[in-house]
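Biologist: I should like to be guided through this structure by way of short questions and answers. Could we begin once it is in view?

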Amino acid sequence: MTARKLAAGNWKMNGLAADLVEAEALAKAFPSPKVDVLLCPPATLIAPMSAKVGGSAIAVGGQNCHAVESGAHTGDVSAAMLADAGASYVIVGHSERRTDHGETDASIRLKTQAAWSAGLVAIVCIGETLGQREDGETLDVVGGQLAGSLPDDCTAANTVVAYEPVWAIGTGKVPTLDQIAEVHVFLRAKLEDRFGAEGAGIPLLYGGSVKPSNADEIFGVSNVDGALVGGASLKAADFGGIIGALERAE
Ligand SMILES: O=C(CO)COP(=O)(O)O
């Protein structure tokens, strides 16, 4: 099984109603993209963005969900609520949430299962810090995160894995192509070991300072099936350049 290609945008804590024009512009620019395209706006914009791009090829996703479906968890949003608002994906375990909210592999595994229960595809994020890379621990760290964050029932249809080196996020620093290749080959082997043919089909995204100017070379690395893009997903022109690069890599 070969993994499908996915260009995913993570708006993080950016975006007001006025910014939905960017999603509309993207839907217009890519009426039938050759790859899957996803935007994950803040929770407040999931419903209005879904309404704006409904019927287009652009999917909408959340950036986090709670591990349970409903209850006394003030300020949290469940996977069922995201789905109800129009989401079909949710990012779980982003490094900013691991840092800001103390999320662990165990809690991310539960969130992944919650995502599936609501019918959402889970985008599970992993990645080493600069210190861990400098200490030669990268493969141990991402291997441990992968093993701990993924439940046993992962399939090519319900799971996406995003490798995001923490030191490359929002910094303009990108690993060398060899460094990306080393991690992606390692992760693909781990996924195949554990999930067999399904593991071969789970999309493996790279994330961290992806821009239109570096997307072609990153998508040329084997086992890179797309990108999880932060800053460059906020504007349709920039994200469109990245989608175009992924289409060319098909
Ligand atoms: O964290 C990221 C996406 O989830 C990457 O962010 P940047 O593309 O802004 O580096």
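The exchange below concerns a predicted model and moves from one strand to the ligand and its surroundings.

Biologist: How many residues of strand 1 are buried?
Modeller: Strand 1 runs over residues 6-10. On one side it places Leu 6, Ala 8 and Asn 10, and on the other Ala 7 and Gly 9, with both faces covered. The number of buried residues in strand 1 is therefore 5 of 5.

Biologist: Which residue of strand 2 is the bridge partner of Ala 7?
Modeller: Strand 2 comprises residues 36-40 and pairs with strand 1 in the parallel sense over 5 bridges. Together with helix 1 (residues 20-29), these two strands make a right-handed β-α-β unit. Within strand 2, the bridge partner of Ala 7 is Val 37.

Biologist: Which residue of strand 8 is the bridge partner of Gly 9?
Modeller: Strand 1 also pairs with strand 8 (residues 226-229), in the parallel sense and over 4 bridges. In strand 8, the bridge partner of Gly 9 is Val 229.

Biologist: How many residues of the shell around the ligand are charged?
Modeller: There are 14 residues around the ligand, and those that come nearest are Asn 10, Ile 169, Gly 170, Gly 230 and Gly 231. By class, the shell divides into 5 nonpolar and 8 polar residues, and the number charged is 1.

Biologist: How many Å apart, at most, are the C-alpha atoms of the residues annotated as "binding site"?
Modeller: An unreviewed UniProt entry gives this annotation to Asn 10, Trp 11, Lys 12, Gly 170, Ser 209, Gly 230 and Gly 231. These residues span 222 residues in sequence, yet they gather at one spot, because no two of their C-alpha atoms are more apart than 13.9 Å.

Biologist: Is Gly 230 buried or exposed?
Modeller: Gly 230 belongs to the loop between strand 8 and helix 11 (236-249). Leaving aside neighbours within four places in sequence, Gly 230 is in contact with Asn 10, Lys 12, Ile 169 and Gly 170. A residue needs 20 or more other C-beta atoms within 10 Å to count as buried. Gly 230 has 21 such neighbours, so Gly 230 is buried.

Biologist: What is the exposure class of Gly 231?
Modeller: Gly 231 lies in the loop between strand 8 and helix 11. The class in between holds residues that fall short of the 20 needed for burial but exceed the 12 that mark exposure. With 19 other C-beta atoms within 10 Å, Gly 231 is therefore partly exposed.

Conventions. Residues numbered from 1 in each chain as written. Predicted model: local features only at pLDDT ≥ 70, side-chain atom pairs only at ≥ 80, totals over all residues. Pairing = 2+ DSSP bridges. Right-handed = clockwise from strand over helix to strand, strands pointing away. Near = placed C-beta within 6 Å. Nonpolar A, V, L, I, M, F, W, Y, C, P; charged D, E, K, R; others polar. UniProt positions renumbered as here; feature names shortened; annotations may be inferred. Contact = placed C-beta atoms within 7 Å.
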